[in-house]
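Colleague: I'd like to learn how to read a few features off a model. Could you walk me through some?

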Amino acid sequence: MYHFSDTFIISKPPCTFKFFVKNLERIGIIMATIRKRGNSYQIRVSCGSDIHGKAITESMTWKPDSNMTERQIQKELNKIVVQFEEKVKKGTFTKSDRKIKLHEYCDIYLEMQKKTLSPTTYYVYHSIIKNYVVPALGHLKLVEITPLHLQKFIFALSEQKSDKGKTLSPATIKVYYAVVQSMFQFACKMGFLENNPSTVNNLQFPKTSPAHTDILDEKNIAVMLEYLENENIMWKTLIHLALCTGCRRGELAGLQWSDILWEKKQIQISKSVYFIKGEKNIKRPKNNTSNRVIVIPDYMIVLLKKYKVWQMEQTLQTQISNMHNMLFTDKKGNYLSPQYITLWFQNFLKRNGMQHIKFHALRHTSATVLLKNGTDIKTVSSRLGHSNLSTTNRYVHALLDADIAAAETLEQVLNLEKRTTMGQIL
């Protein structure tokens, strides 16, 4: 470290310092100089000269926290200088990076993510960023955003109301913030930022209530299936298939007849239907593990064969062709919208006086029935298309009632004291 009044240079030059520096600059070797200006530090990096011999420099300003000691400042400053030099050396730093505002970066981020995210996920990201992130933080420069800004953003979300007049739930706030984290992680990868201010180590979130998962017990399953006998065979097949496979509604809507492996009694899950702003189309599954093959019971194969015959008869009667050879279609023979599946299911429950549950509860129910009846959690996870077992573990709590009953059985059978008492009574 060499100091010249309020200027010092990070380097390890030999004793003939001025001659060494001059030659480094002449051949284009990067050098960093630092000037203290009030409470901040200006870092300038020399990157040689252009074709006209004019010096090329890049600069940035760093302001330490007010509670940092001189030693801490010196240590952090050295670290920032090295990182800045490296960035300039790689050509990933430009002055425009320092001036870009968050709302400008959001446009860049969304444009890049459009190529990698599924249409539904992109739509959610776009909505969250435009409706929540940009109005709150868009006016700030990207490099100036601190954890304090993000903490205020979280607090603001907790007071925000949805279109229905309800405050956002703690779980929803965490989902929104996950999008913010994704934005800043991408900014670091692309060289817009050196440090990520969105890490959650020191941030406070509203407390989340224990998640409630709707699950039908065996009695309610039987009641629902009894009512289902009075419905159109298409809906009867779809609901039974949901319970047998645990598929998501979009995956069910995306099934084609070619996905049924009749002899093996299997169904291939390899695509999903999405519906956004009036557009229906096919997309790839949620993740790699969602691309799977599921074995189905014999009765389901019989039901599918009956349904296929019915569908062919309907095609002949109505002259409406099945455009994409789908298992389930709308009235025009096109893709069946996942949203319409939900709408039909809610009307079905209401017509028959059953408790309101989400269609997704059939997926939860399928997993719980398997676990209760001895299927190992890894197999259940594979059938559901979960990427890790921790996601499947949410269903384990539903086995508590069965576990309590099992303990009571053991109490009656094995407890010597109770057995003796019962013997005396008899």
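**Reading a helix, a sheet and two loops**

Modeller: Bear in mind that this is a predicted model. Let's start with helix 4, where L102, Y105, C106, Y109, L110 and Q113 are buried. Those residues span an arc of only 135° around the axis, so they sit on the same side of helix 4.

Colleague: Why do buried residues of helix 4 end up on the same side?

Modeller: The general idea is that an α-helix has 3.6 residues a turn, so residues three or four places apart point the same way. In this case, the arc covered by the buried set is only 135°, which means one side of helix 4 holds them.

Colleague: What covers the buried residues of helix 4?

Modeller: The cover includes helix 5 (119-137) and helix 7 (170-189).

Colleague: And how many residues does helix 4 have, and what does it reach from its first C-alpha to its last?

Modeller: Helix 4 runs over residues 102-113, which makes 12 residues, and it reaches 16 Å, close to the 16 Å expected at 1.5 Å a residue.

Colleague: On to sheets. How should I read the strand order?

Modeller: In general, strands of a sheet pair through backbone hydrogen bonds, either parallel or antiparallel. Here there is an open sheet of three strands in the order 6-7-10, with antiparallel pairing. Strand 6 and strand 10 (292-295) are at the edges with a single partner strand each, so one side of each has no neighbour in the sheet.

Colleague: How many bridges join strand 6 to strand 7?

Modeller: Two. I260, for instance, has I267 in strand 7 as its bridge partner.

Colleague: L261 is found in strand 6 too. What does L261 touch beyond residues up to four places away in sequence?

Modeller: L261 touches Q266 and Q268. It is partly exposed, at a relative accessible area of 24%. Its C-alpha is 9.6 Å from that of I301, which is 40 residues apart from L261 along the chain.

Colleague: Last topic: backbone angles. Which sign of phi do most residues other than glycine have?

Modeller: Most of them have a negative phi. K265 has a positive phi of about 60°, though it is not a glycine. You'll find K265 in the loop between strand 6 (260-261) and strand 7 (266-269), and at 34% relative accessibility it counts as partly exposed.

Colleague: Where is N325 found?

Modeller: N325 is in the loop between helix 11 (298-318) and helix 12 (338-351). N325 also has a positive phi of about 60° without being a glycine, and its relative accessible area of 38% makes it partly exposed.

Key. Residues are numbered from 1 along each chain as its sequence is written. This is a predicted model: local features need pLDDT of at least 70, side-chain atom pairs count only at pLDDT 80 or more; totals for chains, interfaces and linings use all residues. Side-chain values use heavy atoms; hydrogens and water are left out. Helices (H or I, at least four residues) and strands (E, at least two) are DSSP runs, numbered from the N terminus. Buried means under 20% relative accessible area, exposed over 50%, partly exposed in between (1.4 Å probe, protein chains only). Contact means heavy atoms within 4.5 Å. Two strands pair if DSSP finds at least two bridges between them. The expected span of a helix is 1.5 Å times one less than its number of residues. The arc is that of the directions from the helix axis to the C-beta atoms.
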